[in-house]
Amino acid sequence: MTELRSILDEAARQGLISSEAGGRLLPFLTERGVSVVKTQKAVAADERAWSDTETPRFVRGFHDVLITIGVIVALVGLWGLAPLYAVPVAIIVLSEILVRRQRLALPAVSLTVALFCWTFLLMSRVFTPWTSEIGADLTQFVAGFPILLCVYYARYRVPLSLALTIISTLALVLTLLLRLVQWLSGNPAFFVDHLGMLAAVAFVCALGLFATALYFDLGDRLRRTTRSDIAFWLHLGAAPALLYSTVSLLSFGEAGHIFDLANMSARTPVVVATVAALMLIGLVIDRRAFVTSGLLSLGVAIFSVVRKGNATVDTYIFTTLIVVGAIVLIIGTGWMPLRRLVLRALPPAIANRLPPG
């Protein structure tokens, strides 16, 4: 049944059938005993032919790119000339044509991002969440995202929209947890005085996002269905969430933000160790998002170390770029051999549930 579902999903992605037709065909074919039987030899051949398991299905040709450029240019122009409430109408019309009928992947991503940006502007105008306190306005501001994005996913089945729905739902849970702790303490400025508690709650929510991404990932080991695309976007959000919440948790006694260069030197070991751990996790689950998400923080950490010397500004900027670039090239070119080494070190029960190396 899983193989049959993946075949119908692939047919929908290629525009041969609609996603609704695929959903109706699956029980129809299953009830009549239709199934896809694969021999052990065929399964082994599939895994031997496996070269790169992380291939998000964004583009099927330059036609998608051309249409996406047109979508972006048209929406930007409309955004500048028309009222704010005219933008979602254009997004819906374009989604009906490009996503629901033509099943174009890259335009679907751009329209989902456009809806997310429009929701952000709308919620910013209606509510005022940018205060020092974690109040009702912040909760109401965040609550708008999962509602609108969930409706969009229910209609158009774009993997990114479901991933953003899950991420925004967890963000809503985070704000509710923070408000609950704030209310129980009786101190509106509780988290200003207890940065460690704030970092701990954020870390728990980041772990929840990572666990959700793994749920979708492990449900499609060979990454042939839309579950893999959803997992890709969730990992793209989970990796920076884990990075920044972990760094904040391990250095909560310091003031300032993660990119505050004045206080960055003390955090450098924490950042480097956290990025290294995320890279290892990325190798295990075969997700490069865990590597790319930490590059900016790793670059800032290296920058803070180099700048403590007597070199000029240009020297430590270019040194940072060289070091980060070398790390990317080494990991990128040696990804598959490194991953095979990691998989050999894991117990077979775990390695067999992961994408093949």
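**Figure legends: close-up views of a helical chain**

**Figure 1. Overview of the chain.** The chain contains 17 helices and 0 strands. The model shown here and in the following views is a predicted one. Of the 357 residues in the chain, 40% are buried. Considering contacts between residues at least 6 apart in sequence, 68% join residues at least 24 apart. The area that the chain exposes is about 18,600 Å², and 70% of this area is supplied by carbon and sulfur atoms.

**Figure 2. Surroundings of threonine 119.** Threonine 119 belongs to helix α6, which spans residues 105–126. Its relative accessible area is 1%, and because residues under 20% are counted as buried, threonine 119 is classed as buried. Leaving aside residues up to four places away in sequence, threonine 119 touches Gly144, Phe145 and Leu148.

**Figure 3. Packing of helix α7 with helix α8.** Helix α7 covers residues 136–156 and helix α8 covers residues 159–185. The axes of these two helices come within 8 Å and cross at roughly 160°. Because angles over 145 degrees count as roughly antiparallel, α7 is roughly antiparallel to α8. The crossing in which α7 passes α8 is left-handed. Residues of α7 that take part in the contact include Leu138, Val142, Phe145, Leu149 and Tyr153. On the side of α8, the participating residues include Leu162, Thr165, Leu172, Leu176 and Arg179. Sorted by class, the contact of α7 with α8 has 15 nonpolar, 6 polar and 1 charged residues.

**Figure 4. Arginine 157 in the loop between α7 and α8.** Arginine 157 lies in the loop between α7 and α8, the two helices of the preceding view. Although arginine 157 is not a glycine, it has a positive phi of about 60°. With a relative accessible area of 42%, arginine 157 is partly exposed.

**Figure 5. Aspartate 286 in the loop between α12 and α13.** Aspartate 286 is placed in the loop between α12 (264–285) and α13 (289–292). This residue, too, is not a glycine, yet aspartate 286 has a positive phi of about 60°. Is aspartate 286 buried or exposed? The relative accessible area of aspartate 286 is 0%, so the residue is buried.

Definitions and conventions: Residues are numbered from 1 along each chain as its sequence is written. This is a predicted model: local features need pLDDT of at least 70, side-chain atom pairs count only at pLDDT 80 or more; totals for chains, interfaces and linings use all residues. Side-chain values use heavy atoms; hydrogens and water are left out. Helices (H or I, at least four residues) and strands (E, at least two) are DSSP runs, numbered from the N terminus. Buried means under 20% relative accessible area, exposed over 50%, partly exposed in between (1.4 Å probe, protein chains only). Contact means heavy atoms within 4.5 Å. Accessible areas come from the Shrake-Rupley method with a 1.4 Å probe; for residues, only the protein chains shown count as cover. Axes are lines fitted to C-alpha atoms, for helices over the stretch in contact, and angles run from 0 to 180 degrees between N-to-C directions. Angles under 35 degrees count as roughly parallel, over 145 as roughly antiparallel, 65 to 115 as roughly perpendicular and the rest as oblique. A crossing is left-handed if the near helix is turned anticlockwise from the far one by less than a right angle, and right-handed if clockwise. Ala, Val, Leu, Ile, Met, Phe, Trp, Tyr, Cys and Pro count as nonpolar, Asp, Glu, Lys and Arg as charged, and the others, Gly among them, as polar.
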